[in-house]
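I opened my notebook today to look through a new structure, a piece at a time. Here is what I looked up and what I found.

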Amino acid sequence: MKPLNQVLSFFVKPFLTILLLSVSLILALVYLSPSSLFSELSISSNSNVSGKHNVRLNIWSVRRIAEWRPCKWWLEERPIALPAKSNGYIRVDCYGGLNQMRRDFCDGVGIARLLNATLVLPKFEVAAYWNESSGFADVFDVDYFIQQMDGLVHMVKELPPELASKEPFQVDCRKRKGQFDYIESVLPSLLQHHYISITPAMSQRRDRYPLYAKAAFCQGCYKALRLAEKLEKKAVELLQAIPKPFLSLHLRFEPDMVAYSQCEYTSISPASMKAIEAARGGRQPWTGEAAHVWRSRGKCPLTPRETAFVLQALGIPRNTNIYLAAGDGLMEIEGLKSIYSNVFTKSTLLSGEDFTSMHGNTKAALDYYVAINSESYIATYFGNMDKMVAAMRASNGFYKTLFLSRRAFAQLISQGLKGKELRRALWRAHLEDFATGRGSALPDCFCEFKL
């Protein structure tokens, strides 16, 4: 008969081994689980947040696990030498608001290098809709751009005498369907007419460009464009006038935007409803189940009041200084100011004839400058300005950038969540986006770095 201690050892050792393996497996799963990365307790190591002090976390305290930076292949490597002879001249015709036109011009820089063409100053279309009359040189420093693009793309301020009095041959790329090939579709016209104008196609594939064309695009868009001296001076004045520290908030809730979204709102003022109806034209809002699906897909702009609620859910203190980067006609702004009273705009901080005489593009440039230089930036939309601002902030090493999720807000509301439960769910919904830098930069010129 075996002694008692041997019997116990026979049963206990396997049990302890199994227990140890089980605990190790559980710890491994917890450590590797994606959800653990985005726990509410995942805060920066330099944060002084402590439970015993009862300090509420804000979204900027979340530990980031990745960030987007300019790729070294275009930032540091020497470009391939330009061909000795150009194939002709290209003028980029730009339409819309400032950031839409900037996007088109950036694309045009890459196209010009792709086709071995010489750029002339782009044409910013005068548009009554945007209350705009300023041109490219009124907004951007032309000499600086040419200097920064030296060796990457040819650019001139003026055409040679034999072409100066001629209008360019127009090549409209905007309405082309499918993936657009500029070499096949545009180069023949350039070689034939020697001077053409284009508006870049939305469906182009820059991932198919050779590296030298991509490098020209990246340098032109993110390093070579700076504001004209007079405009930058006014932008610096505005930046200095904003109480520090501050959050730059790009809030979109204008009548035309809401009308275009085809969303219906029941809790806004009669005046706002009237303005929206006047802007709808033939674009009627969705109704019934279609309206629910549309809103759940994140298609409906957040109202200022909804925006304030999400900001609170993200732990943004009510005494935060907020610079409102927004155009004229913003509706329901009291919904934000009733919660966040320290709200500033360019109109409240600037005066003088040099400001009052500004129009759409130059005013938008002020908002853009402040947004890329602010301590933090939050947008309720993901439009042309937001994409450009986020990329420029990443280029400058500013990573407190976040896009509010309209989809998450709508879906959580449809689930019946309210109050504290809704705020907690909104917090979780935005954690991963901020921690991973999702959507904060354009992948064409930026590379992901794990932290």
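**Entry 1: the sheet**

Which residue in β12 does Ile378 stand opposite? I looked it up, and Ile378 faces Leu402 in β12. A note to myself before going further: this is a predicted model.

I then checked the strands around that spot. Strand β11 covers residues 376-379 and pairs with β12 in the parallel sense, over three bridges. Stepping back, I found an open sheet of five strands in the order β10-β9-β8-β11-β12, with parallel pairing. At its edges are β10 (343-344) and β12 (401-403), each of which pairs on one side only. A reminder from class: strands of a sheet pair through backbone hydrogen bonds, either parallel or antiparallel.

**Entry 2: aromatic pairs**

How many aromatic pairs does the structure hold? I found nine. I picked two of them for a closer look.

My first pick was Phe253 with Tyr265, an edge-to-face pair with 5.2 Å centre to centre and 90° between the planes. Phe253 sits in the loop between β8 (246-250) and α12 (255-261), and Tyr265 in the loop between α12 and α13 (270-280), so the pair ties together parts that are twelve residues apart in sequence. I also asked about accessibility. Phe253 has 0% relative accessibility, so I put it down as buried. Tyr265 has 5%, so it counts as buried too.

My second pick was Phe382 with Phe403, which is also edge-to-face, at 4.6 Å centre to centre and 75° between the planes. This pair links distant parts of the chain: Phe382 is in the loop between β11 and α20 (384-395), Phe403 is in strand β12, and they are 21 residues apart. Is Phe382 buried or partly exposed? I read a relative accessible area of 36% for Phe382, so it is partly exposed. Phe403, at 12%, is buried.

I also noted a cluster in which ring pairs link Phe105, Phe124, Phe136, Phe140 and Phe145.

**Entry 3: cores and a cavity**

Phe105 turned up again when I looked at the largest nonpolar core, which has 78 residues. Phe105, Leu115, Tyr182 and Tyr222 touch the most other members there. Helix α4 (residues 98-114) gives the largest share of this core, eight residues. Apart from it lies another core of 44 residues, among them Leu57, Ile268, Phe409 and Leu422.

Next I searched for cavities of 30 Å³ or more and found one. Its volume is about 30 Å³. Which residues line it? I listed Glu264, Tyr265, Ile268, Met273, Ile276, Glu277 and Arg280. That lining divides into four nonpolar, no polar and three charged residues.

**Entry 4: backbone oddities**

I started with a reminder: most residues other than glycine have a negative phi, and most peptide bonds are trans.

Where is there a cis peptide bond? I found one joining Lys244 and Pro245, with omega about -10°. Pro245 lies in the loop between α11 (229-241) and β8.

Then I looked at positive phi values. His194 has a phi near 70°, and its place is in the loop between α9 (187-193) and β7 (195-199). With 44% relative accessibility, His194 counts as partly exposed. Glu332 has a phi near 60° and belongs to the loop between β9 (321-324) and α16 (334-337). Its relative accessible area of 24% makes Glu332 partly exposed.

Terms used:
Residues numbered from 1 in each chain as written. Predicted model: local features only at pLDDT ≥ 70, side-chain atom pairs only at ≥ 80, totals over all residues. Heavy atoms only, no water. 1 Å grid on protein atoms, 1.4 Å probe; cavity = no way out; pocket = protein on both sides within 12 Å on 5 of 7 lines; lining within 4 Å. Points joined across faces, edges and corners; volume = space filled by probe spheres on them. Nonpolar A, V, L, I, M, F, W, Y, C, P; charged D, E, K, R; others polar. Core = buried A, V, L, I, M, F, W, Y, C linked by side-chain atoms within 4.5 Å. Buried < 20%, exposed > 50% of the residue type's maximum accessible area, 1.4 Å probe, protein only. Helix = DSSP H or I, 4+ residues; strand = E, 2+ residues; numbered from the N terminus. Pairing = 2+ DSSP bridges. Phe/Tyr/Trp six-rings, centres within 6.5 Å; stacked < 30°, edge-to-face > 60°.
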